[in-house]
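Visitor: Please take me through this model element by element, and state each criterion when it is needed.

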Amino acid sequence: MKLEGKTAFVTGGRGGIGRAIVARFLKEGATVYSADLSVGGSLDRHDEDGSRFVRLDVTNENECIAAMNRVQDEAGRLDVLVNAAGIEIEKTIEETTLDEWNRSFAVNVTGTFLTSKHALPLLRSAAEGGASASIINFGSYDGFIADPGLAAYCATKGAVHALSRAMACDHGPEGVRVNAVCPGYVDTPMLQSFFEGEGSGGGGRTITQLQKAVRDVHPMRIYGAPEDIANLVNWLASDEARYASGQLWILDGGLSAQVQQMNP
Amino acid sequence: MLWWAPMRLKDKKAIVTGGSRGIGRGIVEAFLKEGASVLSCGRSPVPEDFPVACVWMTADVSSAEDMERLAATAGLVDILVNNAGVQVERTVMASTDADWDHVIGVNCKGVFNACRAVLPRMRSGGSIINVGSVSGQAADPGMALYNASKAFVHGLTRSIAVDHGPRVRCNAICPGWVETGMLEAGFALASDPEAARQDALMRHATRRFGRPEDIAAIAVWLASDEAGFATGQLFTVDGGMTAASPISPGIY
C-alpha cells in the first residue's frame, strides 16, 4: 500500500474523476477526506466509500479554512491535496456571460488557489518528517490545445498549469511537490454532458455515434476511465514520485501526440 | 510611412538549400526581393524557371563533400536556410534501410553537413534558419522517420543556438500544411483525396493551407536584424492547426 499513514484531501471527491481517486487512495491505505458541494456530487449518488465527507464550496475561503482546521483537529496531518473540483462552460467567448466566466475561474482557478493556500501549513509540517507532501492540481489537455466552444474552460486550465509551476517553484524548498494532471477525454458526467450539450450532437448523430467518433480519433481507440487518472494521481501522491514536481502530466490515450488526423 | 519598404536583407549573403520549388523556392524569391544575394542548391540541375539573380549549384545536402564545396563557393555568409528535406510515408514496420538512409541522410545529416560547413564562414550576427515541422512535435500518422527527423532538427537548432551564440543565431520554423508537392502526396494516400483535403481545411482556423510565401515571410524576419533577440526557438506557422484539438471538426 503506497499511501499508508498518509492523509489526503480530494476536492470534487464525489465527482467522476475525484471519486475514483478517493477510492484508490483508500485502497492504498490513506485516510481520505472527500470534499464536494453535496454528498452525491456530480454523480448525484452517495455510496458509503469509507472516506470522510466534507461539504465544501472551494470558492469560499472560510469554508476552505474550516475544512483544513477539521483535518488538523481530526487527523493531525495532511500529506496530499488533490484539486479535482472543476466546472466546464460549453461556450465560445461571445456566448459566455461574465457570470459564467467568473464562475469558471472561481471554481477551477480560485478554488485551487484557496484550498492550496490553506492546506500549505499542514503540508509543510507533513514534509518536515522527510517524506515530501504533494499537491496535485487538475489541468487539462485543453490547457494546451483547444476544443471548440470551451473558451473559458481552456483558459482556466491554462491558468492552472502556470499556477502549478509557480507553486512548485515557491514551495519545493519546503518539501511540497506540486504537479498538474492533464486528462484528455475521460468518461465522466462532465464528458457525457459535453456529448449531450448544445455544442454537440452535430450532423444529427446519436450519443453512441458521437462517442464512437471521439474514440476513433484516439490512437488507443478508447477514452479514459476515471481509474486511469487515479492511477497517475496515486503515483504522484506517493513517495515514489519524490523527484516529480512542477510538471504537467498529460494522460489522454495519445490524443495530443498526433497532428490533426487526415480523415476520409 | 515610406511609399517604398526598405529592403530588410540588403547587403546580406544567404544560402538556401533545396530552393528549386515549394517552400525553399518561396524563401529564395523573398530573400532576393529583400535585397539579399542568394546561393541555392539541389540535387537536380538548375530548374528552367529559376530566378536568374540566384546562383544555383547542383549539390546534395546529404554529402558532406558537396556541402563543403557549397560553403567554400559562398565564402562569408550571413544567412543559412536549411530547407532541403524529403518525406517517406511509412510506419516504422514498413520502413526499409534505404528509407532510413534517405530520410535521415537528407533531413538530419543534411542539416548537420550544411551547418558544419557554413558555420566557420558565417559573419558575426549571422542567422541559421532550419525548416522543422509541426510533425516534429506531434506525430503525423504513417510518417515515422520524417517525424523523427524533424524532431532531430529541432534539437540541433537549440544546440547550435546555445553553442554558437552570440556570434550566430539559430531558429527553426515549423510549418504546418503548406500547398506543395509534399502536401499533395499526403492527400494522395487518403481513400478520398478531395474529401481529405476538405476535412483538413476545416482543421485550420485560417480555412486555408499555408503558401510558400507564408513560410518565407517568417524566414525573412528571422534572417533580418529585427530578429536579433530571437534564437534557439521553434516558430510554428500553421494557420492555427496545432492550436486545435485533433478531434474532427465534423464530430460536434
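**Cores, sheets and chains**

Visitor: Which residues does Phe31(B) touch, not counting residues up to four places away in sequence?
Guide: This is a predicted model, in which local features need pLDDT of at least 70 and side-chain atom pairs count only at pLDDT 80 or more, while totals for chains, interfaces and linings use all residues. Residues are numbered from 1 along each chain as its sequence is written, and chains are lettered from A and ligands numbered from 1 in the order in which they are written. Two residues are in contact if their C-beta atoms, placed from the backbone, lie within 7 Å. With residues up to four places away in sequence left out, Phe31(B) touches Leu9(B), Ala14(B), Val16(B), Ala36(B), Val38(B) and Val220(B).

Visitor: Which element contributes the largest share of the largest nonpolar core?
Guide: A nonpolar core is a set of buried Ala, Val, Leu, Ile, Met, Phe, Trp, Tyr and Cys residues joined through C-beta atoms within 7 Å; buried means 20 or more other C-beta atoms within 10 Å of a residue's own, exposed means 12 or fewer, and partly exposed lies in between, with C-beta atoms placed from the backbone. The largest such core has 65 residues, and those with the most contacts inside it include Ala14(B), Ile15(B), Phe31(B) and Val81(B). Helices (H or I, at least four residues) and strands (E, at least two) are DSSP runs numbered from the N terminus. The largest share, eight residues, comes from helix 3 of chain B.

Visitor: How many residues does the other core have?
Guide: Another core lies apart from the largest one, with Leu3(A), Val82(A), Met167(A) and Val176(A) among its members. Its residues number 62.

Visitor: Which strands are the edge strands of the sheet in chain B?
Guide: Strands pair if DSSP finds at least two bridges between them. The open sheet has seven strands with parallel pairing, in the order 3-2-1-4-5-6-7. Pairing on one side only marks strand 3 (55-58) and strand 7 (234-237) of chain B.

Visitor: By what angle are neighbouring strands of this sheet turned against each other on average, direction ignored?
Guide: Axes are lines fitted to C-alpha atoms, for helices over the stretch in contact, and angles run from 0 to 180 degrees between N-to-C directions. Ignoring direction, the average turn between neighbouring strands is 20°.

Visitor: Which residue stands opposite Ile128(B) in strand 6 of chain B?
Guide: Strand 5 (residues 122-131) of chain B is joined to strand 4 (residues 77-82) by five bridges, and Asn82(B) there faces Asn130(B). Strand 5 of chain B also pairs with strand 6 in the parallel sense, over six bridges. Opposite Ile128(B) in strand 6 stands Cys170(B).

Visitor: How many residues of strand 6 of chain B are buried?
Guide: In a regular strand the side chains alternate between the two faces of the sheet. Here both faces are covered, with Val168(B), Cys170(B), Ala172(B) and Cys174(B) on one side and Arg169(B), Asn171(B), Ile173(B) and Pro175(B) on the other. Strand 6 (residues 168-175) of chain B is therefore largely enclosed by the rest of the structure, its buried residues being eight of the eight.

Visitor: At about what angle does helix 3 of chain B run to strand 4 of chain B?
Guide: Helix 3 (residues 97-118) of chain B lies across strand 1 (13-17), strand 4 and strand 5 of that chain. Relative to strand 4 of chain B, the helix runs at about 175°.

Visitor: How far apart are the C-alpha centres of the two domains of chain B?
Guide: Domain bounds come from an automatic or database domain assignment, which divides chain B into domain 1 (13-175 + 211-236) and domain 2 (181-209). Four residues of domain 1 are in contact with four residues of domain 2. Their C-alpha centres are separated by 25 Å.

Visitor: What is the radius of gyration of chain A?
Guide: Chain A has seven helices and seven strands. The radius of gyration is taken over C-alpha atoms, and the globule rule is 2.2 Å times the number of residues to the power 0.38. For 264 residues that rule gives 18 Å, and chain A is close to this value, so it is as compact as a globular protein of that length, at 18 Å.

Visitor: Which residue stands opposite Pro183(A) in strand 7 of chain A?
Guide: The open sheet of chain A has seven strands in the order 3-2-1-4-5-6-7, with parallel pairing. Within it, four bridges join strand 6 (residues 176-183) to strand 7 of chain A. Opposite Pro183(A) in strand 7 stands Leu251(A).
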